Amino acid sequence: MSPDLQQVDNQLQVNHSQLTASLNQLDCALLLEDGNHKVLFINDPFCHMWQLPSSDRLLGLNGHELIKQIKPLVGDSKLFSYRLTKVSRRRTKATNLEVRLTDGRILTCNYMPVFINADFCGHLWKISDITDRKSTEEALQQNQQLLELFFSQSLDGCFFMALDQPVLWNDAIDKEATLDYVMHHQRLTRINDALVEQYKTTYDQLIGKTPAELFSGNLDYAKSIWRQFFDAGRLRIDMQQSMAISTELWIEGDYICLYDEYRRIVGHFGIQRDITSRKQAEAHIRYQAHHDPLTNLPNRLLFWDRLNIALSQAEREETMMALLFLDCYQFKQVNDNFGHANGDRMLQLLAKRLLESVRKGDTVARLGGDEFVIILPRIRNYDEAQLVTQRILEAFRCPMPIGDNAVEVGASIGISVYPYDATNAEDLLLSADKAMYRAKSDGSHAYCFYTSSKQKRPHL
């Protein structure tokens, strides 16, 4: 052999060795056979994968003989042989086979025809171990199925909202402008039946809605909620919603921001439950704790709270305020002569007439029995308190229908004024009470200011 040919031959051997070494480093198994299924090349990963002897001992072996050696590792060897025999006859297209081995591994076999200058010259096997990938896919599929089951069967409302475009949320951006964008470009993309039921609407009316549409009556409130949400990345909140698409309701919800790989917000997932009944029950309990059950007027507890608020307001604004203490006559006689039910009816009528006589913003409360108090905040002078008092006494002059009878109810009213008669709630009430007893001594339909210079005779 000439030196040139020898040099070429040596170079080819070097190239072959380098190529073989490279192919042996691959994660996938490779086998090349000629048109008669004779093994021309096999890399080390193939031997390791199929637990075969070294690749050198397999060169020249017929492919069918090789199949016999690897069949014991295959779970369904008959099906495996049948499928390989079938695809080995194909000379026009590649075929993928998935094989499960008896040791639990899962392999994917790509069987490809090889052509040189358009002439068929054999097949190339490319086999990869996809056990881990399959395990991951199965786990993801199982999780997806569980998520689908939870989403569809949950008694709580579940939904996804997605933004038309992701948004950044940090101190470097204009957060107000971003919130404006979010309000109009984040949409409900997936909802479950429970959410539709919560809003007493239909799927088509709810899907695709933006925050601007859902909170059309209170967009500023929605922005404040979204700001808290985006700042923290998640939010748990009790929230009252009054939306155009549904009746008013209270919801308790948990919400989680969804991000892309650049930490931009792409949307969020929410799960929420309707707590309207609970909130209504709590509100009813609070109302009962602060109101007289017979007249629905504020009770003693709420009266003291309102009185202290009115005093603080008067002190802050440097204005006057008045407190009226009202005591009725004939209440005991109505109870004795017409029964307690009619006595209760009389108290309800008295409360109604009091409410009709006072100004908007005044407080009428029942302390007990036939004793009522009226808080008059922000009066400019004694005359304003006197005018309200006179309207009350005038209203009481009209007889009240009690059963088949008409009963005239008398009243005495004592008036104390902040800051001249007292500067705290207890003393102001005590002053009004003393003034009421002085008015009572003057007879029915009388009122009296606590301050001696403001004494008033009976209003006739």
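Here is a short chat about one sheet, its helices and one residue in a predicted model.

Visitor: Let's start with the sheet. In what order do the five strands come?
Guide: The order is S12-S13-S11-S16-S17, in an open sheet with mixed pairing.

Visitor: Which ones are the edge strands?
Guide: S12 and S17, and S17 covers residues 446-449. Each of these two pairs on one side only. As for the twist, the average from one strand to the next is 20°.

Visitor: OK, S16 and S17: parallel or antiparallel?
Guide: Parallel, over four bridges, with S16 made up of residues 411-418. If you want a spot to look at, find Ile413, which stands opposite Tyr447 in S17.

Visitor: And which strands does helix H16 touch?
Guide: Helix H16, residues 425-441, packs on the sheet and touches S11, S12, S13, S16 and S17. Its direction makes about 145° with that of S16.

Visitor: What about H14, which strands does that helix lie across?
Guide: H14 (residues 340-357) lies across S11, S12 and S13. It runs at about 10° to S13.

Visitor: Switching to a single residue: where is Thr363?
Guide: Thr363 sits in strand S12, which spans residues 363-368.

Visitor: Is Thr363 buried or exposed?
Guide: Buried, because its relative accessibility is 7% and the cut-off for buried is under 20%.

Visitor: So what does Thr363 touch?
Guide: Leaving out residues up to four places away in sequence, Thr363 touches Pro298, Arg306, Val373, Ile374 and Ile375. With Arg306 there's also a polar contact, side chain to side chain, at 3.2 Å.

Definitions and conventions:
Residues are numbered from 1 along each chain as its sequence is written. This is a predicted model: local features need pLDDT of at least 70, side-chain atom pairs count only at pLDDT 80 or more; totals for chains, interfaces and linings use all residues. Side-chain values use heavy atoms; hydrogens and water are left out. Buried means under 20% relative accessible area, exposed over 50%, partly exposed in between (1.4 Å probe, protein chains only). A polar contact is a pair of N or O atoms within 3.5 Å; within protein, one must be able to donate a hydrogen and the other to accept it, and residues adjacent in sequence count only if both atoms are side-chain atoms. Contact means heavy atoms within 4.5 Å. Two strands pair if DSSP finds at least two bridges between them. Axes are lines fitted to C-alpha atoms, for helices over the stretch in contact, and angles run from 0 to 180 degrees between N-to-C directions.
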